[in-house]
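Me: Please pick one part of this structure and go through it closely. Begin with the layout of the chain and the confidence, so that the part can be placed.

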Amino acid sequence: MIRREKRIRRGVADNQRVERQRGFQRFQGLFIKAHGGFVHGEWESLCDGCGKCCLEKLVFEDDESLAFTNVACALLDPHTCRCRHYATRQKYIPECIQLRPDDIEEYYWLPKTCAYRLLAEKKPLPDWHPLKTGNPQSVHQAGMSAQDRTVPPKSAEELQDYIVDWDDL
C-alpha cells in the first residue's frame, strides 16, 4: 500500500513538472513572437502578478535614472497585487500604460524580474515564475511581489520620500 501511495504522489509531481515545462516552453516560444503575432491570452499570461509595475516611479532629469517607490496606484489591491478595475483601468487612471508587444523594447521601466522585460532582453524566466511553477501564487511565495509592501497613493511632491531599493526591482 505504501508503494502505491508513493507512485500516486510521483504521478502528481510528474504532472506538475510537465505543466511547468509546458508553461516554460510557451514562454520560450514567445521569444519568436516578440514583435507581434501574440494571441491576447498569450501576452496576458506573461504577467506574473507581482504588482510592481503598478508602483509609482521617478525619473531624475539630471541623469535620467529610474527610481521605484513603494507608492501603489490607487487601483492596486495591496494584498492580491491585482488591479481592482483592470479591464477599465484607463477610465480611472488615464495615464496607465497598456503593455503591447510592439513596444517591447521600451520596457526598461518594468522591474528586472518582469517577464515582459525579460522577453525584451531575451533572458529566461526566474524559477518562481507562475509559467514555470504552474502556481499563480508562486510569485508571492517567493517574496518577489509587492504584496503587503506598498503604501497608498501620495502626492507627486511626496514621492521622493518613498523611494525603495528592493532587490527584486
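Reply: Helices (H or I, at least four residues) and strands (E, at least two) are DSSP runs, numbered from the N terminus. On that basis the protein chain has 6 helices and 2 strands, in the order α-α-β-β-α-α-α-α along the sequence. This is a predicted model, in which local features need pLDDT of at least 70 and side-chain atom pairs count only at pLDDT 80 or more, while totals for chains, interfaces and linings use all residues. Residues are numbered from 1 along each chain as its sequence is written, and side-chain values use heavy atoms, with hydrogens and water left out.

Confidence comes first. The mean pLDDT (the predictor's confidence in each residue, from 0 to 100) of the protein chain is 80, and 76% of the residues reach at least 70. Helix α1 (residues 2–32) has the lowest confidence, with a mean of 41, and α6 the highest, with 96. Residues 1–21 have pLDDT below 50, and this stretch makes 5 contacts in the model (heavy atoms within 4.5 Å) beyond near neighbours in sequence. Residues 30–35 are also under 50, with 15 contacts beyond four places in sequence. Where pLDDT is low, the predicted coordinates should not be read in detail.

The chain as a whole has 169 residues, of which 36% are buried. Here buried means under 20% relative accessible area, exposed over 50%, and partly exposed in between (1.4 Å probe, protein chains only). Taking contacts between residues at least 6 apart in sequence, 60% link residues at least 24 apart. The accessible surface is about 10,800 Å², with 51% of it on carbon and sulfur atoms; the areas come from the Shrake-Rupley method with a 1.4 Å probe, and for residues only the protein chains shown count as cover.

The part chosen for the close look is the stretch from α4 to α6. Helix α4 (residues 115–120) is the largest contributor to the largest nonpolar core, giving 4 residues. Such a core is a set of buried Ala, Val, Leu, Ile, Met, Phe, Trp, Tyr and Cys residues joined through side-chain atoms within 4.5 Å. This one has 14 residues, and W43, L46, L99, Y107, L110 and Y116 are those touching the most other members. A separate core of 7 residues includes F68, C81, W166 and L169.

Two residues in the loop between α4 and α5 can be set side by side. K122 sits in that loop and is exposed, because its relative accessible area is 65%. Its phi is positive, near 55 degrees, although K122 is not a glycine. Most residues other than glycine have a negative phi. H129 belongs to this loop too, but is buried, because its relative accessible area is 0%. Outside its neighbours within four places in sequence, H129 contacts L46, C47, D48, A115 and S138. One of these partners, L46, is also among the best-connected members of the largest core.

K132 lies in helix α5. It counts as buried because its relative accessible area is 17%. What does its side chain reach? One partner is the backbone oxygen of L125, at 3.4 Å. Another is the side chain of D127, in a polar contact of 3.0 Å. A polar contact is a pair of N or O atoms within 3.5 Å; within protein, one must be able to donate a hydrogen and the other to accept it, and residues adjacent in sequence count only if both atoms are side-chain atoms.

Past α5 (130–133), the loop leading to α6 (138–141) holds Q137. Q137 is partly exposed, as its relative accessibility is 41%. Its C-alpha atom is 8.5 Å from that of G49, a residue 88 places away along the chain. In the segment after α6 comes D148, which is exposed because its relative accessibility is 52%. D148 has a positive phi near 60 degrees and is not a glycine.

The two strands lie outside this part. Strands pair if DSSP finds at least two bridges between them, and β1 (residues 55–59) pairs with β2 in the antiparallel sense over 4 bridges. V59 is opposite L66 in β2. The hairpin has 6 residues between its strands, and E64 takes a positive phi near 60 degrees there. Strand β2 (residues 66–72) is mostly covered, with 6 of its 7 residues buried.
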